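This report looks at how charged and nonpolar side chains are arranged in one protein chain. The sequence and the structure come first, and the description follows.

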Amino acid sequence: PPPLFIFTFSLFLLPILFVLGRGSALINGLVLKADAPLKSLDIVKAATSEGLLLVPAGPTVVRFVPPLIVSAAEVEEALTKLAEALEKLTKALKTLD
């Protein structure tokens, strides 16, 4: 599938956090909602702890910059790791409430 479709699909991981996916070719970003309780750096740090390297692009965008030779299996693995990181973050937020 086209890369933007893959990253837009990941918006469904936590629709309470993300408003849209944007980008071109393999460089894509997930845009956080204005009222999201997290910033992009929080997500980048959580993803790093799961073994996924992401880049913050300002306080509200999480950027994916995979290598040009990324495979579909690697994209699936990245989305799984992102989902795990987001799940841990949201659990941590719930315990703070």
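In this predicted model, the side chains of Lys88 and Glu50 meet in a salt bridge, with 2.6 Å from N to O. The pair links distant parts of the chain, since the two residues are 38 residues apart. Lys88 belongs to helix α3 (residues 72–96), while Glu50 sits in the loop between α2 and β3 (55–56).

Is each partner buried or exposed? Lys88 has a relative accessibility of 51%, so it counts as exposed, the cut-off being over 50%. Glu50 has a relative accessible area of 16% and is therefore buried, the cut-off here being under 20%.

A search of the whole structure finds 3 salt bridges. The table lists them.

| Salt bridge | N to O distance | Location |
|---|---|---|
| Lys88 and Glu50 | 2.6 Å | Lys88 in helix α3, Glu50 in the loop between α2 and β3 |
| Glu77 and Lys81 | 3.2 Å | both in helix α3 |
| Glu87 and Lys91 | 3.3 Å | both in helix α3 |

Side chains of opposite charge can pair when their charged atoms come close. Glu77 and Lys81 are 4 residues apart, about one turn of the helix. Glu87 and Lys91 are likewise 4 residues apart, about one turn of the helix. Why does this spacing suit a pair within a helix? An α-helix has 3.6 residues a turn, so residues three or four places apart point the same way. The acidic partners in these pairs have similar labels: Glu77 counts as partly exposed at 41% relative accessibility, and Glu87 counts as partly exposed at 43%.

Helix α2 (residues 40–49) comes next. Which of its residues are buried? They are Ser40, Ile43, Val44, Ala46 and Ala47. These residues lie on the same side of α2, because they cover an arc of only 165 degrees around the axis. The face turned away from this buried side carries the exposed residues Lys45 and Ser49. Just after α2, Gly51 takes a positive phi of about 90 degrees.

Nonpolar residues also gather inside the protein. The largest nonpolar core has 19 residues. Those with the most contacts inside this core are Leu17, Phe18, Ile43, Leu54 and Leu82. At least two residues of the core come from each of β2, α2, β4 (61–64) and α3. Helix α3 gives the most, with 5 residues. Ile43 thus appears twice in this account: as one of the buried residues of α2 and as one of the core residues with the most contacts.

The strands complete the picture. Strand β1 (residues 18–24) runs antiparallel to β2, and 6 bridges join the two. Gly23 has Asn28 in β2 as its bridge partner. The two strands form a hairpin with 2 residues between them. In the turn, Ala25 has a positive phi of about 55 degrees.

Strand β2 (residues 27–32) also contains Ile27. At 47% relative accessibility, Ile27 counts as partly exposed. Together with Val55 and Val65, Ile27 makes a nonpolar surface patch of about 240 Å². Strand β2 therefore has a part in both settings, because it supplies at least two residues of the core and also holds Ile27, which is partly exposed.

Notes:
Residues numbered from 1 in each chain as written. Predicted model: local features only at pLDDT ≥ 70, side-chain atom pairs only at ≥ 80, totals over all residues. Heavy atoms only, no water. Patch = residues over 30% accessible without salt bridge, like charges linked within 9 Å, V, L, I, M, F, W, Y side chains within 5 Å. Areas by Shrake-Rupley, 256 points an atom, 1.4 Å probe, with all protein chains shown as cover. Salt bridge = Lys/Arg side-chain N within 4 Å of Asp/Glu carboxyl O. Buried < 20%, exposed > 50% of the residue type's maximum accessible area, 1.4 Å probe, protein only. Arc of directions from axis to C-beta. Core = buried A, V, L, I, M, F, W, Y, C linked by side-chain atoms within 4.5 Å. Pairing = 2+ DSSP bridges.
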